[in-house]
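Colleague: I am new to this structure and would like to go through it step by step. Please show it, and then I will ask my questions.

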Amino acid sequence: MPLFYLRGLKIYVSYHVALQKYKNLYLGEGLQWLGDILEFLFVILYYWPLVYFATAVGIPSGAADSFVFTTSRRIHYMKSGLDTDVYVPRAEDGLISDSEALPVSLLPKTKQTTSVSLTKAGRRNQTTNGHNKGPILVYVGRLAVEKNIQFLVEALSHTEFLNAKLVIVGDGPWRVPLEDLARDTVGVDEVFSGHKMGDDPTNVENHRLNRKVTLSDHRVQFVGMVVNEHVVAQYYALADVFVSASSSETFGFTVVEAMACGTPAVVVRSGSFPRVFGMIVEWMFEDGVMEDYVQKVIAVWKDGNQARRIARRIVLNDFSIKSSVKDLLNTYRLIVEDNPEVMDKTLER
């Protein structure tokens, strides 16, 4: 990188690491000294050569490491986007045309069968064997301590969540403790565990694109790793609410993916979420406050298709590939033209 700089080349670097957050989570106060040493080595050997010489540094939100703001020449808050033709709502929800929607179905797998129907008003009704049920919640992502998934599991013991279901899509080092916690919280018979890391790769859920997702009636379902984004989109779309209690996100792409599928997101009011997703601040809960979390989920769930339409519309307006590419190309143009006055008005110093 220094050689590019010395040759006069313009350099744009995107930085997505939350090193300081991870240092505190994994090392804690007892190994603070070790964390400080590792952070110093990271900054000197990797970060400084990478970022210091960059004309501009792109970050997804203001939740980046503090040294990004003290050492970068200019900061560009990137606009991220996704393919809204892949992440789409279910045809049953009536949010888009039938030809665009995913063929999601809830079919018998184990225990009771959950069916989803639409009233004339287009609102979802969850029923199981004729009885009203609670919300179907979904979390998608890595199963690690910094994601605070244990908070989502523990919330299932709340009196208003006794009929709620939590579908966890993903894998990681925190899976076994989470499964144990789930069994202690809702009971052994109410937890389903799918394939795990290290299983036969052919069992990983990367099947054909028209594969229909099925959902058991267990209150907690560990799906495992899903590598096919079309299948992931189905899990988002069949849920009533996407949930995340992670304050370590520098952006939160799974929030966008969920809302693109018409699934409203209830997330913690911490980390990058308030800045990136300020348009859904009413769906956010205070970090660690379970009562606030439960009430936000219930309120969004009861809003039915109105919340689902809002979620889909937000992504189409603010997080499309077209808008993100347009923003990035404009930034490249500013860097190439090398007009400090214009860059200072557009990019943050």
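Colleague: Is glycine 141 buried, partly exposed or exposed?

Modeller: This is a predicted model, so every answer here is about computed values. Buried means under 20% relative accessible area and exposed means over 50%. Glycine 141 has a relative accessibility of 23%, so the class is partly exposed.

Colleague: Where in the chain is glycine 141, and which residues does glycine 141 contact beyond its neighbours within four places in sequence?

Modeller: Glycine 141 is found in the loop between β7 (136-140) and α5 (149-154). With neighbours within four places in sequence left aside, its contacts are Val169, Gly170 and Asp171.

Colleague: How far apart in space are glycine 141 and threonine 254?

Modeller: In sequence, 113 residues separate glycine 141 and threonine 254. In space, the C-alpha to C-alpha distance between glycine 141 and threonine 254 is 7.4 Å.

Colleague: What share of the contacts with a separation of 6 or more is between residues 24 or more positions apart?

Modeller: The protein chain has 13 helices and 12 strands. Among its contacts with a separation of 6 or more, the share from residues 24 or more positions apart is 68%.

Colleague: What percentage of the residues is buried?

Modeller: The protein chain exposes about 16200 Å², and carbon and sulfur atoms supply 55% of that area. The chain has 349 residues, and the buried percentage is 51%.

Colleague: Which helix gives the most residues to the largest nonpolar core?

Modeller: In soluble globular proteins, nonpolar side chains tend to be buried together. Here the largest nonpolar core has 72 residues, and those with the most contacts inside it are Phe161, Met259, Phe277 and Tyr293. Seven residues of this core come from one helix, the one that gives the most: α7 (residues 229-238).

Colleague: What does phenylalanine 277 touch, not counting residues up to four places away in sequence?

Modeller: Phenylalanine 277 is among the residues with the most contacts inside the largest core. Not counting residues up to four places away in sequence, phenylalanine 277 touches Phe251, Gly252, Val255, Val256, Met259, Met284 and Phe319.

Colleague: How many residues are in the second, separate core?

Modeller: Tyr15, Phe42, Leu50 and Ala54 are included in this second core. Its number of residues is 13.

Colleague: Which residue in β3 stands opposite valine 57?

Modeller: Valine 57 belongs to strand β2 (residues 56-59), where Val57 and Ile59 point one way, Ala56 and Gly58 point the other way, and all are buried. Strand β1 (residues 12-14) pairs with β2 in the parallel sense over three bridges, and there valine 57 is the bridge partner of valine 13. Strand β3 (residues 75-77) also pairs with β2 in the parallel sense over three bridges. In β3, the residue opposite valine 57 is isoleucine 75.

Colleague: Is arginine 175 buried or exposed?

Modeller: Arginine 175 lies in helix α6. Not counting residues up to four places away in sequence, arginine 175 touches Leu143, Gly170, Ser193, Gly194, His195, Lys196, Phe222 and Gly224. With a relative accessible area of 3%, arginine 175 is buried.

Colleague: Which glutamate forms a salt bridge with arginine 175?

Modeller: The closest N and O atoms of this salt bridge are 2.8 Å apart. The two residues are four apart in helix α6 (residues 175-186), so about one helical turn separates them. Both are buried, and the partner of arginine 175 is glutamate 179.

Colleague: Which residues are joined with arginine 175 in one salt-bridge network?

Modeller: The side chain of arginine 175 makes a polar contact with the side chain of aspartate 171, at 3.1 Å. In helix α6, aspartate 180 and arginine 183 are three residues apart, about one turn of the helix, and form a salt bridge with closest N and O atoms 3.3 Å apart. Aspartate 180 is partly exposed at 40%, as is arginine 183 at 28%. Through shared partners, arginine 175 is joined in one network with Asp171, Glu179, Asp180 and Arg183.

Colleague: How many residues apart in sequence are the parts that arginine 269 and glutamate 286 tie together?

Modeller: The side chains of arginine 269 and glutamate 286 meet in a salt bridge, 2.2 Å from N to O. Arginine 269 is partly exposed at 27% relative accessibility, and glutamate 286 is partly exposed at 37%. Arginine 269 lies in the loop between β12 (265-267) and α9 (273-276), and glutamate 286 in the loop between α9 and α10 (290-302), so the separation in sequence is 17 residues.

Note on methods: Residues numbered from 1 in each chain as written. Predicted model: local features only at pLDDT ≥ 70, side-chain atom pairs only at ≥ 80, totals over all residues. Heavy atoms only, no water. Core = buried A, V, L, I, M, F, W, Y, C linked by side-chain atoms within 4.5 Å. Buried < 20%, exposed > 50% of the residue type's maximum accessible area, 1.4 Å probe, protein only. Contact = heavy atoms within 4.5 Å. Salt bridge = Lys/Arg side-chain N within 4 Å of Asp/Glu carboxyl O. Polar contact = N/O pair within 3.5 Å; in protein donor to acceptor, adjacent residues only side chain to side chain. Areas by Shrake-Rupley, 256 points an atom, 1.4 Å probe, with all protein chains shown as cover. Pairing = 2+ DSSP bridges.
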